[in-house]
Structure formats: C-alpha cells, structure tokens
Amino acid sequence: MSDRSGSAGELEATDRAIMRELANDGRCSFTDLAERVGLSVSAVHQRVRRLEQRGAVQGYVAKVDGEQIGLPLTAFISLTPIDPAAPDDYPQRLEHLSEIESCYSVAGDESYILQVRVPSPLGLEELLRKIREAAKVSTRTTVVLSTPYENRPPAI
C-alpha cells in the first residue's frame, strides 16, 4: 500500500512527516529522525537525500541572535519605484548590501519589502540612504519593537 498523494507536486505522507521533523529540528540525527517517523535509518537517509535533491529541503541554517552579534535593530523597508517605467531590477541593485536579510516581491503599492538588521537608528538611516541611491526608489520603513516569534516551521 502506497502513501503517495494524487498530485505530482505533493509529497508522500512519510516525506511530509520527515520534513515536519526537520523543520522543527534541522540538526536532528538520522537515528532520531528514523525513530520519530517509524522508518529505518537507511530509509530515512535515502528519503532526506531525495528531498534535498528535488529542492523540497533547501538547506539547514543556524538561527542567530541579532543582539549578540551587534545588530539589534530589525526593520522592514517597503520600496516603491520613483519611475514606474524603470526596469524591475531592484534585487540586483541591492544585493551588495549585507544588511538586507530578505527581499520579498509583493503585490500592492510597493514593489518589494526588505527585512534588514542594523546596529542602530543611525545605521538604519545610512542604509536607507544607500538603498534610495542604489535603487532610485522611495521607501517606507517599519521598525520592529519586539519579536514574539519568527521563523516558525510551516504547517506541513
């Protein structure tokens, strides 16, 4: 009996269980993962490798505390083109700015929303200047006061 779903783009129930466990604990050993999903270690290893190869698992990262690395200020910066006819190449124009953690293309009045981490309000002001200069956009900034939670695993 197969646990395959009907759609070609969907994952088998066992693969979904593996991904759910990895999303909750990316450092989980194959032994622990096998125990949690009810498979042998070698079967789990093969399935994880296959999930990685097909791009369902895109990598493993360490969550870093911004306060402890000297970047306590997080903000979201919305970008609006000054010239609507300008090329939509803002991500490429801004990729050299290491303060930008994430860049999201969005629907609505803005074209993109950036998540940034900086050391101070002065650092944010300087970054805004660099963004406006490099991308020729207007910006709207929202400063994060606290983060009750982030990077929650998806509902798999």
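**Close-up views of a predicted model**

Over residues 11-72, the chain is 53% helix and 0% strand, and the C-alpha atoms at the two ends lie 38 Å apart. The model shown in every view is predicted.

**View 1. The annotated segment, residues 11-72.** UniProt lists residues 11-72 as "domain: HTH asnC-type", in an unreviewed entry. Helix accounts for 53% of this stretch and strand for 0%.

**View 2. The crossing of helices α2 and α3.** Helix α2 spans residues 30-37 and helix α3 spans residues 41-53; their axes come within 8 Å and cross at roughly 100 degrees. An angle from 65 to 115 degrees counts as roughly perpendicular, and α2 and α3 are therefore roughly perpendicular to each other. On the α2 side, the residues in contact are Phe30, Thr31, Leu33, Ala34 and Val37. They meet Val41, Val44, His45 and Val48 in α3.

**View 3. The four-stranded sheet.** Four strands form an open sheet in the order β2-β3-β1-β4, with antiparallel pairing. Strands β2 and β4 stand at the edges, each with a single partner strand, so one side of each has no neighbour in the sheet. From one strand to the next, the twist averages 20 degrees. Strands β1 and β3 pair in the antiparallel sense over seven bridges. Leu73 stands opposite Val118 in β3.

**View 4. The hairpin of β2 and β3.** Strand β2, residues 100-105, pairs with β3 in the antiparallel sense over five bridges. Ser105 has Tyr112 in β3 as its bridge partner. Six residues lie between the two strands of the hairpin, and in this hairpin Gly108 takes a positive phi near 125 degrees.

**View 5. Helix α5 on the sheet and the largest nonpolar core.** Helix α5 lies across β1, β3 and β4, running at about 155 degrees to β4. The largest nonpolar core has 18 residues, of which Ile77, Leu79, Leu94, Leu114, Val116, Leu124 and Ile131 touch the most other members. Two or more residues of this core come from each of β1 (73-81), α4 (90-94), β3 (112-118) and α5 (121-135). The largest share, five residues, is that of α5. Leaving aside residues up to four places away in sequence, Leu124 touches Leu73, Ala75, Ile77, Val116, Val118, Thr141 and Val143. A second, separate core has 13 residues, among them Ala17, Cys28, Val44 and Val48.

**View 6. Lys136, in the loop between α5 and β4.** Most residues other than glycine have a negative phi. Lys136, by contrast, has a positive phi near 55 degrees. The strand that follows its loop, β4, spans residues 137-143.

**View 7. Ser146 and Asn151, in the segment after β4.** The cut-off for an exposed residue is a relative accessible area over 50%. Ser146 is exposed, because its relative accessible area is 55%. Asn151 also counts as exposed, at 53% relative accessibility. The phi of Asn151 is positive, near 55 degrees, although the residue is not a glycine. Ser146 and Leu73 are 73 residues apart in sequence, while their C-alpha atoms are 9.6 Å apart in space.

Key
Residues numbered from 1 in each chain as written. Predicted model: local features only at pLDDT ≥ 70, side-chain atom pairs only at ≥ 80, totals over all residues. Heavy atoms only, no water. Core = buried A, V, L, I, M, F, W, Y, C linked by side-chain atoms within 4.5 Å. Buried < 20%, exposed > 50% of the residue type's maximum accessible area, 1.4 Å probe, protein only. Contact = heavy atoms within 4.5 Å. UniProt positions renumbered as here; feature names shortened; annotations may be inferred. Pairing = 2+ DSSP bridges. Axes fitted to C-alpha atoms, helices over the stretch in contact; angles between N-to-C directions. Parallel < 35°, antiparallel > 145°, perpendicular 65-115°, else oblique.
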